[in-house]
Structures are given as C-alpha cells and as structure tokens.
Amino acid sequence: MDIVQLPLTQIDEDTDQPRYQFDEEALVELMRNIEEIGLLSPIKVRTIDGGRYKIIYGNRRYKACKRLGLVTIPCIVTNMTDEQEIYLEQIAENLTRQGFSPIEEAEAFNKLMTDPKFSRSVKFLASKFGKPESYIKNKCELLKFGNSVRKLIIGGTEIRKDRLTEDQLLPLKDLPMEHRDPLALIMARDEMPPSDVKKIAKLFKDKDISAATKDKLLYKSGPGLLETWSVQQHNKAEKAKPAEPKAPKAEKSKPAEVNETATTVVETVPAPVSPYEAMDKKLNQLLTALPSFSPLPNEAALSLQELNAEERAELIRRMEALLEQLRCHTEEWDKLKKIAAAN
C-alpha cells in the first residue's frame, strides 16, 4: 500500500459521504496534534477527471491540515469507481472513528436500504459491518423523530442536559408523532434516564387514557410525568384487588349466640369525602405537579428565530393551550381565595 504526498489544492471533499457533522472542539484538538507530531494516519482518495482527487475517507484530517495551511497531505490513492463499494468503505471506516453520530449512521444505513442505486437488505448490512440486525434496525428507528430532536442525539450512554442518547429515545419510537417529539424534548430538558422514559412511554401507550388527556400531560415536566405514571399504576393495582367478602347477615328468627371466644366482624365503611377534602386534595395535586418557577435563559427567545414555520406554529399552539389551562386554574383558585379571605 503506497502512501504519496498530494497537494491539498488538488483534493476535493466528497459531499455525499455519510459523515457530515464535525465537532469544532475535536477538530481544534486534532489540529494541535498535527502541529506537534504530524499527521500519523493518511487519508484515502480516488482519482477523478482533470487530474484531481476526491476523498473517500479522512475529511476531518483534510479539514485540519487545510486550516493549518499545510501544502501537502499523505494519501492512499485508489482508482475505485463503484459507488456502492466506495460508500460501504466510507461507512466501515467511520464506524471505527469517534464522532460518527447515531443519526449519521442511521441515514447511511437507510440510504443503503432505500436508495435504488444500492437496495441492500438489513441482513446484508449486518454481515458487511459485523453488527447485529437489531443494531441496524434500532439506528434506523431514530429517523422517525423530527429535526428538532435529531439535532440533540449524541453517541454513548451519558445523560446530559438538552441532549439525547439512543437509550432515551427508543422507548418513544412507537408513539404518535404529536406525542413522540414533544416527549423527547422533555426527556432531554429534564435529563430523564432510560428506565424512567420507558415508564412514561407506557403511560402514553395506555389505551384507557384519552388522546385529549395525553395532550394535556405534555405540559408536565419529566418528573411530573413519572409521578403521574406512578399514581396510575397504584390506581390500577387498587382496582385489580379482589373485593373483600361481606360478613353473612344474621337470621332474624334466631338471634346470634354470643360466647367468650366469638369474634365480632365489623365491616368498615369509608367516610364520605367532604367538599373541603376534595378541594384540598386537588390543590395539593396542582402544587406537586407544577415545578418551581425559574426564568428561562435569555437565549430561549433568540432560539425561536431558528425555528421553521411548522415548528413555530406547533410551539404557539402548545403555548396557547398552556395559557388557557393556567387561566382556568387561576380564575377558580382566585375566586376560592377571595371567599376564604372574606370569611
């Protein structure tokens, strides 16, 4: 395998390659390493028309060398022309590198399976890349989520604020889109672990809960949703308990004989809930469900400018629903507070 030094000016990047996300900090770190010890691993290029070359893999190394103002870069040169073989090699190389994001993987696998130029099966990909079929399928499931969620997906299993791991997302993949993406964003914001996400996903899959109620649940925080799931599980367990048998009625004609060893069975009748108790319970539920107020960062307003028209309309719809719910609660409790103060 010959390695040759080629001028950077004769090399073109491959815009169709599977990897297109490059972390700025990692790129700067690579530049420092190249400055200190040089580029240890050559890039691979193929010949194209006009005496030029196109990168097969090594775009990040190429970018770092170009920023450093280097004149040449070590290359492995090939005459490959088969698009499928080139794309397969690009994926295989990137799978061994850090920074190849789960979404980039998912899009690459999906392209190999759905693009008419390739039309490869999951079985073929699993064999080619040495991965289980479930690995390929789970990666492709990430493509069910919208762009606002995809931007937050990272590799690894570390739970980070405003980021999402595959383990956090996959429990939500089978939910309807109107619940799937908003829940994913809540899970990212509140750093919910996969075990809790699974419980919340079950809550939204419950057929006994109406779609309208599920829509309202989206206004809760992650911990609030987990508390709702816990209450729901408790209520189900209570309903599933068998009814306690009632004590047999004594015959009127034969008064019951009482002896010293007899045990009297008294059926406990639950006391009716008073209106005050019902009101107090509802108040406690609201106080528990609502998170403590903390102002959003100044950047939140600026981030609204980055939304497309569809995302902005959806956000406004949910804001209006939240404000309407808060307005109703405020009116009711303000009236009750005035009555309590007058007495």
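Student: In which helix is the place of Lys 214?

Tutor: The structure is a predicted model. In this model, Lys 214 belongs to helix 11, which spans residues 211-217.

Student: Is Lys 214 buried or exposed?

Tutor: A residue counts as buried when its relative accessible area is under 20%. Lys 214 has a relative accessible area of 10%, so this lysine is buried.

Student: With which residues is Lys 214 in contact, leaving aside its neighbours within four places in sequence?

Tutor: The partners of Lys 214 are His 179, Leu 203, Phe 204, Lys 205, Asp 206 and Ile 209. For Leu 203, which is 11 residues away along the chain, the separation from Lys 214 between C-alpha atoms is 8.6 Å.

Student: How should the packing of helix 10 and helix 12 be read, and at what angle do they pack?

Tutor: For a pair of packed helices, the description rests on the angle between the axes and the distance between them. Here, helix 10 (residues 194-205) and helix 12 (residues 222-240) pack at about 60°, and their axes are 9 Å apart. Helix 10 passes helix 12 in a left-handed crossing. On the side of helix 10, the contact is made by Asp 196, Lys 199, Ile 200, Lys 202, Leu 203 and Phe 204. Helix 12 contributes Gly 222, Leu 225, Leu 226, Thr 228, Trp 229 and Gln 232. By class, the residues of this contact are six nonpolar, three polar and three charged.

Student: At what angle do the axes of helix 1 and helix 2 cross?

Tutor: The axes of helix 1 and helix 2 cross at roughly 65° and come within 9 Å. The crossing in which helix 1 passes helix 2 is right-handed. Glu 24, Ala 26, Leu 27, Leu 30, Met 31 and Ile 34 of helix 1 meet Arg 60, Arg 61, Lys 63, Ala 64, Cys 65 and Arg 67 of helix 2. This contact has seven nonpolar residues, no polar ones and five charged ones.

Student: How is a sheet read, and in what order do the five strands stand?

Tutor: Strands of a sheet are joined through backbone hydrogen bonds, in a parallel or an antiparallel sense. In this structure, five strands form an open sheet with the order 1-5-3-4-2, and the pairing is mixed. Strand 1 (3-7) and strand 2 (11-12) are at the edges; each has a single partner strand, so one side of each lacks a neighbour in the sheet.

Student: In which sense does strand 3 pair with strand 4, and in which sense with strand 5?

Tutor: Strand 3 (residues 43-48) pairs with strand 4 (residues 52-57) in the antiparallel sense, over five bridges. Within this pair, Lys 44 stands opposite Tyr 57, and Arg 46 stands opposite Lys 54. With strand 5, strand 3 pairs in the parallel sense over four bridges. There, Val 77 of strand 5 is the bridge partner of Val 45.

Student: Which helices pack against this sheet?

Tutor: Helix 2 (residues 59-67) lies across strand 2, strand 3, strand 4 and strand 5 (72-78), and runs at about 125° to strand 4. Helix 3 (residues 83-95) also packs on the sheet, touching strand 3 and strand 4. The direction of helix 3 makes about 50° with that of strand 4.

Student: How is the sign of phi read, and where do Ser 119 and Glu 191 lie?

Tutor: For most residues other than glycine, phi is negative. Ser 119 has a positive phi, near 50°, and is found in the loop between helix 4 and helix 5. Glu 191 also has a positive phi, near 55°, and lies in the loop between helix 9 (177-189) and helix 10. Ser 119 is partly exposed, at 48% relative accessible area, and Glu 191 is partly exposed at 37%. Gly 50 takes a positive phi near 80° in the hairpin of strand 3 and strand 4, where three residues stand between the strands.

Student: Is Gln 17 buried or exposed?

Tutor: Gln 17 has a relative accessible area of 9% and is therefore buried. Gln 17 lies in the loop between strand 2 and helix 1 (24-37). A polar atom of the Gln 17 side chain is 2.4 Å from the backbone oxygen of Arg 19. Leaving aside neighbours within four places in sequence, Gln 17 is in contact with Phe 22, Asn 59, Tyr 87, Gln 90 and Asn 94.

Technical notes
Residues numbered from 1 in each chain as written. Predicted model: local features only at pLDDT ≥ 70, side-chain atom pairs only at ≥ 80, totals over all residues. Heavy atoms only, no water. Axes fitted to C-alpha atoms, helices over the stretch in contact; angles between N-to-C directions. Helix = DSSP H or I, 4+ residues; strand = E, 2+ residues; numbered from the N terminus. Left-handed = near helix turned anticlockwise from the far one by under 90°. Contact = heavy atoms within 4.5 Å. Nonpolar A, V, L, I, M, F, W, Y, C, P; charged D, E, K, R; others polar. Pairing = 2+ DSSP bridges. Buried < 20%, exposed > 50% of the residue type's maximum accessible area, 1.4 Å probe, protein only. Polar contact = N/O pair within 3.5 Å; in protein donor to acceptor, adjacent residues only side chain to side chain.
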